[in-house]
Amino acid sequence: MHPFDYAKPTSLAEARTLLAQTAADGVVLAGGSDVLRRIEEEVIRPQVLIDIKGLPELRGISFSVHGGLSLGATTTISALAAHNDVRRHYSLLVKASHQLGSLRIRNRATVGGNICVALPQTDLPPALLCYDATCHLLGPEGERTVPLSECYKGTRQTALEPGELLVRVTLPAPAAYSYGAYHTVRQGGQTTVVGAAVLARRASGPSTEWRIALAAAAPYPLRAYEAETHLASAEPGAAMVEKAAELAMRAAQPADDIRASARYRRSMVGVLVRRGIEEVIEQLSGRGR
Ligand SMILES: Cc1cc2nc3c(=O)[nH]c(=O)nc-3n(C[C@H](O)[C@H](O)[C@H](O)COP(=O)(O)OP(=O)(O)OC[C@H]3O[C@@H](n4cnc5c(N)ncnc54)[C@H](O)[C@@H]3O)c2cc1C
């Protein structure tokens, strides 16, 4: 294996300096479930591995009814799924977390890592996209925020500049009520071959807002905006669901790979989105739509 230095900063200020000094030669280590394998296989050859797990500023979950949810970048998937406020107000995150890998992986993998890895098949980003998540980045030029929907530039490519760190992810205050569904086709019980998250929420007034986000259906997780708009404006019924599923299939930009063909993925987007919408409508009907 290619030799590299290991650095474990103890404060965000120290991490920021280290990242600025090393820029392209430094690689961030969070849970390590992805990056260590890539180093071992010499896919990447960092000069310095910067371990951010010890940074207190990147840890923890906080919530307020009016302020919303803040997730430290090194929050593990297990900690996220077990948090009472997340379970109560952002249950789609819990549904997505439960599908992510094995318990061993969920105990290691972090929220920040699941975003920054920028792989199409990641399970948490579709749910985060449904909640309009914002990424808070810290770099040599200071802090800036980027909506998660604008954070992806391609497979393994994000909007993070060299030397920038994802510090936390925030979600707006929860709606009066919301229902979500996350359905996937998985390979060997692990990797998502294709997935769809659906969320309906109502703040105040009669209108319902819809969100649909897809996994493994494009070079990175993405929202199906036209399908969302259709659900918000169309007459409720089977035709509405069918049309939304069709629009989501059109939004998908799937690729062929060893796990599935693009054609299969696109058709499964239709199936999973339809299933998700129907499940959410059933939950909504308990409260009057
Ligand atoms: C057996 C196995 C099964 C898996 N199954 C699934 C699955 O079902 N669903 C799924 O979504 N994923 C799965 N994964 C993939 C992996 O666990 C996730 O992508 C994980 O969330 C990555 O998080 P991490 O904290 O381990 O990141 P790391 O491996 O530490 O880092 C990943 C990348 O993100 C960068 N990075 C991490 N944190 C930050 C930050 N705060 N700021 C800037 N850059 C950062 C790193 O430099 C690196 O490039 C699986 C992996 C394995 C090995």
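What follows is a conversation between a visitor and a guide about a predicted model.

Visitor: Let's begin with Arg-265. Why is Arg-265 called buried?

Guide: Its relative accessible area is 4%, and buried means under 20%, so Arg-265 counts as buried. You will find Arg-265 in helix α11, residues 262-285.

Visitor: What makes the approach of the Arg-265 side chain to the backbone oxygen of Ala-255 a polar contact?

Guide: The distance there is 2.8 Å, and a polar contact needs a pair of N or O atoms within 3.5 Å, one able to donate a hydrogen and the other to accept it. The backbone oxygen of Val-193 also lies 2.8 Å from a polar side-chain atom of Arg-265. Beyond residues up to four places away in sequence, Arg-265 touches several others, including Val-194, Ala-216, Pro-254 and Asp-257.

Visitor: Helix α11 has a packing partner in α10. Why are α10 and α11 called oblique to each other?

Guide: Helix α10, residues 238-251, packs against α11 at an angle of about 140 degrees, with the axes 8 Å apart. Angles over 145 degrees count as roughly antiparallel, under 35 as roughly parallel and 65 to 115 as roughly perpendicular, with the rest oblique. The angle of about 140 degrees falls in that remainder, so the pair is oblique. The crossing of α10 past α11 is right-handed.

Visitor: Which residues make the contact between α10 and α11?

Guide: From α10, among them are Met-240, Val-241, Ala-244 and Met-249. From α11, the contributors include Arg-266, Val-269, Gly-270, Ile-277 and Ile-281. Sorted by class, this contact of α10 with α11 has 10 nonpolar, two polar and five charged residues.

Visitor: And α9 with α10: why are these two helices called roughly antiparallel?

Guide: Helix α9 spans residues 225-233, and its axis crosses that of α10 at roughly 165 degrees, the two coming within 7 Å. Over 145 degrees counts as roughly antiparallel, so α9 and α10 earn that description. Here too the crossing is described as right-handed.

Visitor: Which residues of α9 and α10 are in contact?

Guide: On the α9 side they are Glu-226, Ala-227, His-230 and Leu-231, and on the α10 side Met-240, Lys-243, Ala-244, Leu-247 and Ala-248. By class, the contact of α9 with α10 has six nonpolar, one polar and two charged residues.

Visitor: Staying in α9, how do you know that Glu-228 is buried?

Guide: Glu-228, which is found in α9, has a relative accessible area of 5%. The cut-off for buried is under 20%, so Glu-228 is buried. Setting aside neighbours within four places in sequence, Glu-228 is in contact with Trp-210, Arg-211, Ile-212 and Arg-223.

Visitor: Is His-183 buried or exposed?

Guide: Buried: its relative accessibility is 17%, while the limit is under 20%. His-183 sits in strand β11, residues 177-187. The side chains of His-183 and Glu-279 are joined by a polar contact of 2.7 Å. His-183 also touches, among others, Val-194, Gly-195, Leu-272 and Arg-275. Between His-183 and Lys-95, 88 residues apart in sequence, the C-alpha to C-alpha distance is 9.1 Å.

Visitor: Then there is Ala-215. What makes Ala-215 count as buried?

Guide: A relative accessible area of 0% against a threshold of under 20%, so Ala-215 is buried. Ala-215 lies in strand β13, residues 209-215. Pro-126, 89 residues away from Ala-215 in sequence, is 6.4 Å away in space, C-alpha to C-alpha. Pro-126 is also one of the residues that Ala-215 touches, and so are Tyr-182 and Thr-192.

Visitor: Now for the loops. Why is Glu-42 called partly exposed?

Guide: Buried ends under 20% and exposed begins over 50%, with partly exposed in between, so Glu-42 at 31% counts as partly exposed. Glu-42 lies in the loop between α2 and β3.

Visitor: What is the phi of Glu-42?

Guide: The phi of Glu-42 is positive, about 60 degrees, although Glu-42 is not a glycine. Most residues other than glycine have a negative phi.

Visitor: How do you know that Arg-156 is partly exposed?

Guide: Its relative accessible area is 32%, and partly exposed lies between the 20% and 50% limits, so Arg-156 fits. Arg-156 lies in the loop between β8 and β9, and its phi is also positive, near 60 degrees.

Notes
Residues numbered from 1 in each chain as written. Predicted model: local features only at pLDDT ≥ 70, side-chain atom pairs only at ≥ 80, totals over all residues. Heavy atoms only, no water. Helix = DSSP H or I, 4+ residues; strand = E, 2+ residues; numbered from the N terminus. Buried < 20%, exposed > 50% of the residue type's maximum accessible area, 1.4 Å probe, protein only. Contact = heavy atoms within 4.5 Å. Axes fitted to C-alpha atoms, helices over the stretch in contact; angles between N-to-C directions. Left-handed = near helix turned anticlockwise from the far one by under 90°. Nonpolar A, V, L, I, M, F, W, Y, C, P; charged D, E, K, R; others polar.
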